[in-house]
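Here is a short briefing on one helix and a set of charged contacts. Read it alongside the structure.

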Amino acid sequence: MKDYYAHSGNDVNRWHLLREHLASVANLAKSYVADWKGAEEAELAGLLHDLGKYGERFQNRLHGQDQGLDHWSQGAYLAIRKGGALAAALAIQGHHVGLQSMQKDDLKKLHPDVLSRQHPQNLSLSESDVDLLENCLEADGLRCIKPKQRLFSGFLGVSEARVDNMLDIRRLFSALVDADFIDTEAHFNGDEDGKSPRMSGLKLNQQGLAQRASEKLSAFINSKSSLPNQTENLHKIRQQLLHACLQGADQKTGVFTLTAPTGSGKTLSMLSFALRHAEQNKLERIILVVPYLSIIEQTAAIYREIFADLGEDFVLEHHSMAGLGAETAKSDAEGNEESQQQNRRQRLLSENWDAPVVITTSVQFLESLFSNRPSGCRKIHRIANSVVLFDEVQTLPTALAIPSLAALSHIARHWHSTMVFATATQPAFDHLHEQVQIQASAGWQPKPIVADHAAMANALRRVHYTWMNEKLTWQALAGVLQTHSQVLCIVNLKRHAHDLWQALETTSDLFHLSTNLCPLHRQSMLEEVRQRLKNGLPCRLIATQCIEAGVDVDFPVVYRAFAPLDAIIQAAGRCNREGRLEVGQAVIFIPACDGRLYPDATYEQAAGVALSLKNELDDAFDLYNPDVIQRYYKRLYTVADPGQLAKPLYEAIKNLNFPEVAHHYRLIKHDAINVVVPYDLERFEQLKLQAEQQGLTVKWIKRARSSSISLYRPRPDDPVWDSLLPVQAFRQGKHYRQDDWFIAANLHDYDEKLGYRKPDSLNCWIA
């Protein structure tokens, strides 16, 4: 019997037998989605995903003789022709090029005769005779059998072109992609004894891990609650919230809301819920989804402290800054082998979220659910059998609310998972239930974890709101701020922060926070601010809204430019946070200035809704009253009409077009460039030298993230281009143009207080 190979020789020159690879990927893919209706189809996808590698042209390619080959479409075609498995076919077709269209006419183009005449990627089939390939498969002891249960029995009609069905295809695709990666990696890591698979990650439902983690968390909470810095009232509220979360955790999987005032201990209470809930429902992991990197850094540090005894792989961070802080840079530079191995291990686990606790961003999580790329979808199958905690859910863009809720609702109902939406300002998403039902049958009907959160909010009135009727010039506002020893002022635009800064007398106690500061700079500056607040030293901070939602600072007085209601409440959450004062002061003002007042039309519309509601309710406009918040969101969704805001996305869903869906589902839409800035000169020079020597690499980008800022892409004639050095990029030894990553050419363009300043222009202060 002739041997066919999937991959060339590894370090010990062992070649990867194709029959072993196909069988292994089939078994792995099925195991990743066991007890789900798509399990048999995932197995079939694994069996056929590399069917074209039986072709002689591909075998020659392994010896460097033939290039530009398609070895996957034959398996996709056979999955339809013999297996009747449309989802498997789409997954097989996409495991190299990404999920494509599921329209009947597009799937018909998988026929070898069609592909031989015109291939969408301009490739050649490794073998066009699918019967010949199937004979080779059977000669290797493998058989293509029609699954007894499939995701879809036939082509989808218009009413079936929905978010939920497309998401099921991505789950199957995810299982195939991950299985393929894992088995291929095991081959290339192998030795004389055969393949060397990576060690699987821990799971909460194994070896009593969820219970052990709960005990660690309980001990940590008890140690913190005994500290003297909590007022009696605050301690009581935090205990009430914790008790409600532990009680609610005994329920079956589903969709839940956790509404609790800022500073009430929500972070640890919802983690307590998640661990108890995972134990009760035999769930495998907890995924914490947060909107901002600043929250991730704080939360990850707390989680690692709590679970330190459970191993370094217990908590996994997956975001652009993961493992890229100063300590990581130091260990890399010093050649700390143990630390470097752990960083590599974490990077591997982040590829498929194989860990008990995963901390990630809203962008990473939600865009994966609508992605069509193998790397983006690879981790999706791990979301099943999980507790997913969404912190600060009010940041979900209105335009994407309905498809996002549909996806999450479907996961909770059909993937044995739980969704928790946690915030102090719970959006009225249940108002969208019927619209969500169009995309996922379960709709959106969450259960509250805290039944009487209104009483909790009322008992924790730590801030008094003052609404200024007169508009304030920056000079007038500066005069008011200078009367306070410790004060935070939050404005809506970086340009406004710059104007206010200029109006104030620059002193050692004046600080600025915006995204013009690179992450390492923001982290350092905030630490200094916290220390001054703790020591009772003068401290005035001018910030944009990047300080809201999770940045842990505690000022006695906060000024906030008028904004959407949730932003105002989040700003007040930076005031009297620990309840040490009888009452803190939150002053809401409207700036008297030229130009636009808000970052974009959506933000302006939400602020307008808040202002109209305030004028209508007058003295009854009480931000501690949940009914006011609910009225705000219901009015916002009526005015904004989320169903009309994302028409191109819905059109792509109706057409079952995965690339177009991925293109239109974007949490961050602005076209931006990345600029490495000279905040830490030693680190800056290292990055600059590495870029010159090695060019743009994934490793370099990961290191550069913490020393870079984002700029809206300047116009072609903007003078800023003269002060930016493009990072060289190479592909297969050849230079190619990239226009995403740059290095600041002039050291004086970065200010120790204000961060990056575009030369000869104030455009950097626009947002």
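The points below cover helix α1 first and salt bridges after that.

This is a predicted model. Helix α1 has buried residues that line one face. Across the whole structure, a search finds 42 salt bridges. Some of these are set out below.

**Helix α1**

- Helix α1 covers residues 18-32, which makes 15 residues.
- At 1.5 Å a residue, the helix should span 21 Å. Its end C-alpha atoms are 21 Å apart, so the model agrees with the expected span.
- The buried residues of α1 are L18, H21, L22, V25, A26, A29 and Y32.
- Seen down the helix axis, these buried residues fall within an arc of 135°, so they line one face of α1.
- What covers them includes two strands, β1 (5-7) and β2 (16-17).
- The cover also includes the helices α2 (39-48), α8 (130-139) and α9 (163-188).

**Salt bridge D168 to K37**

- D168 and K37 meet through their side chains in a salt bridge, at 3.7 Å from N to O.
- The pair links distant parts of the chain, 131 residues apart. D168 sits in helix α9, and K37 sits in the loop between α1 and α2.
- D168 has 1% relative accessibility, so it counts as buried because the cut-off is under 20%.
- K37 has 34% relative accessibility, so it counts as partly exposed, a class that lies between 20% and 50%.

**Salt bridge K266 to D391**

- The side chains of K266 and D391 form a salt bridge, with N and O 3.0 Å apart.
- K266 lies in helix α12 (residues 266-281), while D391 lies in strand β9 (residues 386-391). The pair therefore ties together parts that are 125 residues apart in sequence.
- K266 is buried, at 10% relative accessibility.
- D391 is buried too, with a relative accessible area of 6%.

**Salt bridge K53 to D50**

- K53 forms a salt bridge with D50. The closest N and O atoms of this pair are 3.0 Å apart.
- Both K53 and D50 are buried.

**A salt-bridge network**

- Which residues are linked in a network of salt bridges? The acidic members are D178, E185, E351 and D354. The arginines R198, R378 and R382 belong to the network as well.

Terms used: Residues numbered from 1 in each chain as written. Predicted model: local features only at pLDDT ≥ 70, side-chain atom pairs only at ≥ 80, totals over all residues. Heavy atoms only, no water. Helix = DSSP H or I, 4+ residues; strand = E, 2+ residues; numbered from the N terminus. Expected span 1.5 Å × (residues − 1). Buried < 20%, exposed > 50% of the residue type's maximum accessible area, 1.4 Å probe, protein only. Arc of directions from axis to C-beta. Contact = heavy atoms within 4.5 Å. Salt bridge = Lys/Arg side-chain N within 4 Å of Asp/Glu carboxyl O.
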